[in-house]
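Visitor: Could you take me in for a close look at one part of this protein? I'd like to see how a single spot sits in the whole.

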Amino acid sequence: MNKPDQIKTQDRPASLYAKREPVFNRRIDGKFRRLKWAIMVICLAIYWGTPWLRWDRGPYAPDQAVLVDLAHRRFYMFGIEIWPHEFYFVAGLLIMAGIGLFLVTSAVGRAWCGYACPQTVWTDLFQHVDRFFDGDRNARFRLYKAPWGPAKIARRLAKWTVYLAISFATGGAWIFYFADAPTLQHAFWTGTADPVAYATVAVLTATTFVLGGFMREQVCVYMCPWPRIQTAMLDEKSLIVTYKDWRGEPRGSVKKAGKNPDRFGDCIDCNQCVAVCPTGIDIREGPQIGCITCALCIDACDRVMGETGRPRGLIDYATLEDAEREKAGQPPTRHLKLIWRPRTMLYFAVWGGIGLSLLFLLGTRVHTDLTVAKDRNPPYILLSDGSVRNAYTLRLRNMQGRPRKMEISIEGLPGAKIWSDDVGMAEAGTALTRIVPADETQSLRAYLVVPAGTPAQEFTFHLQALGEAREQDSAEAQFDAPGEQ
Amino acid sequence: MADAHNSPAAASRRIDEATNTETVGHEWDGIEELNTPLPRWWLWTFYATIVFAIGYCVAYPAWPMISGATEGVLGWSSRGQLQNELDAQQAARARTVAALADMPIEQLPDHPALMRAAIAGGSAAFKVNCVQCHGAGAAGSKGYPNLNDDDWLWGGDLKTIETTLIHGIRQPGDDATRQSMMPNFGADGLLTAEQIGQVADYVLTLSGKARASASSQQGAQVFADNCAVCHGAAGKGSRQFGAPNLSDAIWLDGGRREDVVAQLTRPHHGVMPAWGNRLDPVTIKMLAAYVHSLGGGEDFAETPAPPDTQPTEAE
Ligand code: SF4
Ligand code: SF4
């Protein structure tokens, strides 16, 4: 009987969906492994330490060295204080980060992926936790296959607890960049912190736990856009992890090679390079998107080469161009020479150019700003003695962490007198002095009066921070007056 | 193919050769649908939304009935929420309102925070009640005073503005209303057309809008006989009578000769409602503070008395 619902699954084509094969990578030691440890320690130290650095800004501003103060829309970075309208500094830094990635990628391949990317760092960390609880590769594999029982459950729970603790400690620290760290720390543990803080910690802990603890290389291979971009940035002169197949193939065990030395290449097919790979790929199949250039396979193979008495570097950092040269028996180019080529120099020039312009802007920025909005309804007021009054709303901005005295004066409007709602017409003069509080924008209504008969015209408001020569700003404005009647 | 599953759909079900997948059994114009089940997580999400929707219908107002909708066990409604927010707003303002109610308006300038609150509230009340005549910018128009300038018919300090607001201008039935009447010099035949022309010429010289002429010199006498009673000998007006200052640059009813002649012949008498009947005292206080803040407000002490008016016993 050919029942329609009885379709044999083996008749169907292989599904496009492949179930994840868990990776049980082996522990390995070597110079790249140690480099990874060093970078991990440095990155985490910077990440954890930065919010706790203090920077005295006096009583008017927070004394945290690096602080993104969203509530007051300020960004503090040591001596620099960025206001929202100066967001181009942040935009510039982001562009620099992007171009910096191009620069690094074109010079040394996917170094970001292999060493500095948080996903890589956390995957790495969690794989060490795996090893601590479950043992190395084979033990972990056995445990994975073993049926669920009290022992396995206990081990898993212990491991996940440590995952969670690490996720909390790393993800949670992020909030300290957005508020005064010691205060927030105290508030956090006493349960009085803002709900946003708890929510942020919860979200970051959960994502670290899931992405680093369970999804791991799936994030790199399927979710992350960088590999696509970075792969496109590579060219034949970029350093990438390469298996030198002309030297390694055909593979043969030491025994086989011993019997027949001429037939076999240097690879003894020991699979160590596959065993240590955190993304579970076989680099001998050539460059591939799953490779994050972490160089652990180099460490592994170098050790094997050492043990079998063969020259190291069967798997090594090499450019595709070098690979061709080596295949042809020529010596490889020096690495330094690879870095200095038109492409990297161009990236460096653009990157450095943006950096220098940002520095220039930073050096020349003033901390005083004036904007003027004219009252349009009514455009002018005729006073009883025939003089004409216009009203304006001025905004004086003091972008420094201390109150400053500023003077507003008028240029290009003969006979004009200025006063404001708190000064009074009786004290009207040619200029107005205000003390603008630290880090604030002060709004002020100003009245300007000119003698009878002054025609409508443009003029300039000038703002000068008293005693600071360079700290000034001006704004054009219109003065309206009655026309001919 | 004849067996228990012999329904028409089942009969037409078949395995699609290209993909080796079962079809769902219907076909339209040669196009068949492959039976590719939805992913399980998707289905569970879908079921979860159904459960959520049922829970939502129970908890919140949901089903339209003949009059109104089901109420929901939580008792929430958007109207109720609005009412709560309004109540909360009112409660939040209660202290300021109470403080304003207790504060004599003369003392308002000594309490800057309260003053600011009053100005803000007055600005809102002005937009509702006053813009129809005085304009959104309080600049008035011909016959409707500009409240931004420094020329006040009845006085420009807080207390006087408040009094004007409470009692209005020329409001019948209010004893304390601002009352003044310019006679119909022309229409009632009190002055001849020639005299009106002469006095108009004279008035225009007071503010420097016209040069002295033979006509204006004639007018000076007419003015002294008929107009100086209210407007003062020098034409500087009188706040006691709300008589405009004729020697300044501001003209309520127009400053051209025709305007002056028209006003002399058949005067325009502006009116303003007695807001004391319609608005509560706090709102009026706030309005007074707002009008005072527009740029022409006067101090209590320094209110300059026009030199040629007699001191009055009132206020
Ligand atoms: S570790 Fe080296 S020798 Fe061993 S399989 Fe990999 S490439 Fe071959
Ligand atoms: S192939 Fe080598 S460099 Fe690439 S991810 Fe695996 S171990 Fe790292």
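Guide: Here is a walk from the whole chain to one serine, with a stop at the ligand afterwards. Keep in mind that this is a predicted model. Chain A is built from 17 helices and 14 strands. Of its 485 residues, 45% are buried. If you take the contacts in chain A with a separation of 6 or more, 69% of them link residues 24 or more positions apart. On the outside, chain A exposes about 25600 Å², and 63% of that comes from carbon and sulfur atoms.

Now zoom in on A:Ser420. You'll find A:Ser420 in strand S10 of chain A, which covers residues 417–420. A:Ser420 counts as buried because its relative accessible area is 1%, and the cut-off for buried is under 20%. So who's around it? Skipping the neighbours within four places in sequence, A:Ser420 is in contact with A:Leu432, A:Arg434, A:Leu444, A:Arg445 and A:Ala446. With A:Arg434 there's also a polar contact, side chain to side chain, at 3.3 Å.

Then there's ligand 1. Its surroundings comprise 13 residues, and the ones that come nearest are A:Cys267, A:Cys270, A:Asn271, A:Cys273 and A:Cys301. Two helices of chain A, H13 (272–276) and H14 (296–307), each supply at least two residues of that shell. Sorted by type, the shell around ligand 1 has nine nonpolar residues, two polar and two charged.

Conventions. Residues numbered from 1 in each chain as written. Chains lettered and ligands numbered in written order. Predicted model: local features only at pLDDT ≥ 70, side-chain atom pairs only at ≥ 80, totals over all residues. Heavy atoms only, no water. Helix = DSSP H or I, 4+ residues; strand = E, 2+ residues; numbered from the N terminus. Buried < 20%, exposed > 50% of the residue type's maximum accessible area, 1.4 Å probe, protein only. Contact = heavy atoms within 4.5 Å. Areas by Shrake-Rupley, 256 points an atom, 1.4 Å probe, with all protein chains shown as cover. Polar contact = N/O pair within 3.5 Å; in protein donor to acceptor, adjacent residues only side chain to side chain. Near = heavy atom within 4 Å. Nonpolar A, V, L, I, M, F, W, Y, C, P; charged D, E, K, R; others polar.
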